Structures are given as structure tokens and as C-alpha cells.
Amino acid sequence: MIIAMFWFAYRNGAPITLSDVAKITDGVENSRLAGWMNQTPAVILNIQRQPGANTIAVVKSVEDLLPQLQANLPASVKLTVLTDRTTTIQASVKDVEFELALTIGLVIMVIFVFLRNVSATIIPAIAIPISLIGTMAVMYPLGYSLNNLTLMALTISTGFVVDDAIVMIENISRVP
């Protein structure tokens with residue numbers, strides 16, 4: 001509970017007003033603090049995700065709300081996105097996904113070209129996707145998401161799976 005007490009002072013029978021003791025202006029507290037977009041004064045709103053939240057999902061939610069926000073603003077106010085850092089995140093995730101697919105394709109092709117054995121080529125062609133699907137099957141219930149670090153780890157672990165598959169195929173092909 002907040003209790004406010006006001007003390008009023010009187011001089012010569014008249015109340016002392018705030019303008020008697022201070023300069024009163026109707027305006028902002030600090031006129032030297034402002035936001036700018038290029039040469040235009042702006043109100044800048046910085047949106048940050050909470051720890052543990054998916055950055056791309058947060059930005060998608062905000063982008064979905066922008067038309068509704070613009071509709072509620074006066075016509076003279078323009079709503080503009082200044083920066084979006086998820087474009088680099090999305091580009092790097094797509095690059096890692098491409099590199100992972102390229103690695104799998106190249107490994108299968110190299111094994112087929114050098115061993116010229118279809119059954120030896122089928123082994124890594126099945127082992128690699130199954131290991132990746134198994135990893136995703138474990139990650140999903142644990143609540144892990146795909147980010148740059150996990151994609152990098154998947155790429156590196158794919159190399160281990162490929163290496164093991166190649167060693168196994170070499171040992172199988174040496175047996176007369």
C-alpha cells in the first residue's frame with residue numbers, strides 16, 4: 001500500500017504553486033536524447049530473445065505482428081525494420097546443411113569410384129543417413145535444437161562415421 005502525503009504551503013493566505021518555485025515546461029525529460037534512422041528522427045525498439053529461445057522463431061513472430069502494429073499506428077508513422085541479424089544465422093545454417101549433404105554425396109561417390117563395388121557403396125550410403133536420423137531422434141526428445149554448433153558437430157561426426165565405414169569396407173574387401 002502506498003500512502004502519499006502532500007504538504008501545502010501558504011503565503012499571505014494564498015497557496016504556493018509549483019510555478020512559484022520552479023520553471024515548469026511541458027516536454028520530454030531529456031531533449032538531447034534521440035533515435036535516428038539515417039536522417040530521420042525515429043523511435044527505436046530493440047527486440048532481443050530470452051535466454052533459451054529460438055532466435056529465428058522470435059524474429060518470425062515479430063515479423064508476423066508487424067502488419068497488425070502498422071495498422072494500429074497513425075498513417076504518418078512508418079514502421080521499418082532497421083536490422084535483422086537472423087539473415088546471417090539462416091545463411092550459415094543453410095551453408096552447413098549444404099556442406100553436410102555435399103560431404104555425404106562425395107563420400108558415396110569416392111567409395112564407388114575407388115572400390116567399384118556397389119555393395120560396398122551401399123553400406124556408407126545407408127550408415128550415414130541412419131546415424132544422422134538416429135542423432136536427430138535423440139536430440140528431439142531432449143529438447144535440443146539445430147544451431148550452428150550442433151550442425152558443425154553433425155558434420156564432424158559424419159566424418160567419423162564415414163571413416164569407420166571406409167575402414168570396415170577396406171577390411172571386408174581385403175578378405176579373399
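Helices (H or I, at least four residues) and strands (E, at least two) are DSSP runs, numbered from the N terminus. With that in hand, Ser76 is easy to place: the residue sits in the loop between α2 and α3. Everything shown in these views comes from a predicted model.

**Figure 1. The whole protein, from end to end.** Welcome to the structure: the protein has five helices and four strands. Starting at the N terminus, the elements follow one another as β-β-α-β-β-α-α-α-α. Along its principal axes, the C-alpha trace spans about 120 × 40 × 25 Å. The protein has a radius of gyration of 32 Å, whereas a compact globule of 176 residues would have one near 16 Å. Buried residues account for 11% of the 176 residues. Among contacts with a separation of 6 or more, 53% join residues 24 or more positions apart.

**Figure 2. Asn12, in a loop between two strands.** This view shows the stretch between β1 (10–11) and β2 (14–15), where Asn12 has its place in the loop. Asn12 is not a glycine, yet its phi is positive, at about 55°. Is Asn12 buried or exposed? With a relative accessible area of 85%, Asn12 is exposed, because exposed means over 50%.

**Figure 3. Asn38, in the loop between β3 and β4.** Here the flanking strands are β3 (35–37) and β4 (40–42). Asn38 has a positive phi of about 60° although this residue, too, is not a glycine. Its relative accessibility is 70%, so Asn38 counts as exposed.

**Figure 4. Val59 and Thr86, a contact between two helices.** Val59 belongs to helix α2 (residues 55–72), and Thr86 to helix α3 (residues 86–115). Which residues does Val59 touch, not counting those up to four places away in sequence? They are Asp84 and Thr86. Seen from the other side, and with the same sequence neighbours set aside, Thr86 touches Thr55, Ile56 and Val59. Thr86 has a relative accessibility of 3%, so this residue counts as buried; the cut-off for buried is under 20%. For a wider frame, look from Val59 to Asn148: these residues are 89 residues apart along the chain, and their C-alpha atoms are separated by 17 Å.

**Figure 5. Ser76, in the loop between α2 and α3.** Ser76 is exposed, with a relative accessible area of 72%. How many ångströms separate Ser76 from Ala165, C-alpha to C-alpha? The distance in space is 64 Å, for two residues that lie 89 residues apart in sequence.

**Figure 6. Thr121 and its surroundings in helix α4.** Thr121 has a relative accessible area of 9%, so it is buried. The side chain of Thr121 reaches the backbone oxygen of Asn117 at 2.8 Å. Leaving aside neighbours within four places in sequence, the contacts of Thr121 are Ile108, Ile111 and Phe112.

**Figure 7. Helices α4 and α5, packed against each other.** Two packed helices are described by the angle between their axes and the distance between the axes. For helix α4 (residues 118–142) and α5, the angle is about 145° and the axes are 10 Å apart. The crossing in which α4 passes α5 is right-handed. On the α4 side, the residues making the contact are Ala120, Ile123, Pro124, Ala127, Ile128, Ser131, Leu132, Thr135, Met136 and Met139. On the α5 side, they are Thr150, Leu154, Thr158, Val161, Val162, Ala165, Met168 and Ile169. How many nonpolar, polar and charged residues does the contact of α4 with α5 have? There are 14 nonpolar and four polar residues, and no charged ones.

**Figure 8. Met168, one of the α5 residues in the contact with α4.** This last view settles on Met168, found in helix α5 (residues 148–174). Met168 is partly exposed, with a relative accessible area of 37%, because that class falls between the buried limit of 20% and the exposed limit of 50%. Gly134 gives a second point to look for: Met168 and Gly134 are 34 residues apart in sequence, and their C-alpha atoms are 20 Å apart in space.

Technical notes
Residues numbered from 1 in each chain as written. Predicted model: local features only at pLDDT ≥ 70, side-chain atom pairs only at ≥ 80, totals over all residues. Heavy atoms only, no water. Buried < 20%, exposed > 50% of the residue type's maximum accessible area, 1.4 Å probe, protein only. Axes fitted to C-alpha atoms, helices over the stretch in contact; angles between N-to-C directions. Left-handed = near helix turned anticlockwise from the far one by under 90°. Contact = heavy atoms within 4.5 Å. Nonpolar A, V, L, I, M, F, W, Y, C, P; charged D, E, K, R; others polar. Polar contact = N/O pair within 3.5 Å; in protein donor to acceptor, adjacent residues only side chain to side chain. Rg over C-alpha atoms; globule rule 2.2 N^0.38 Å.
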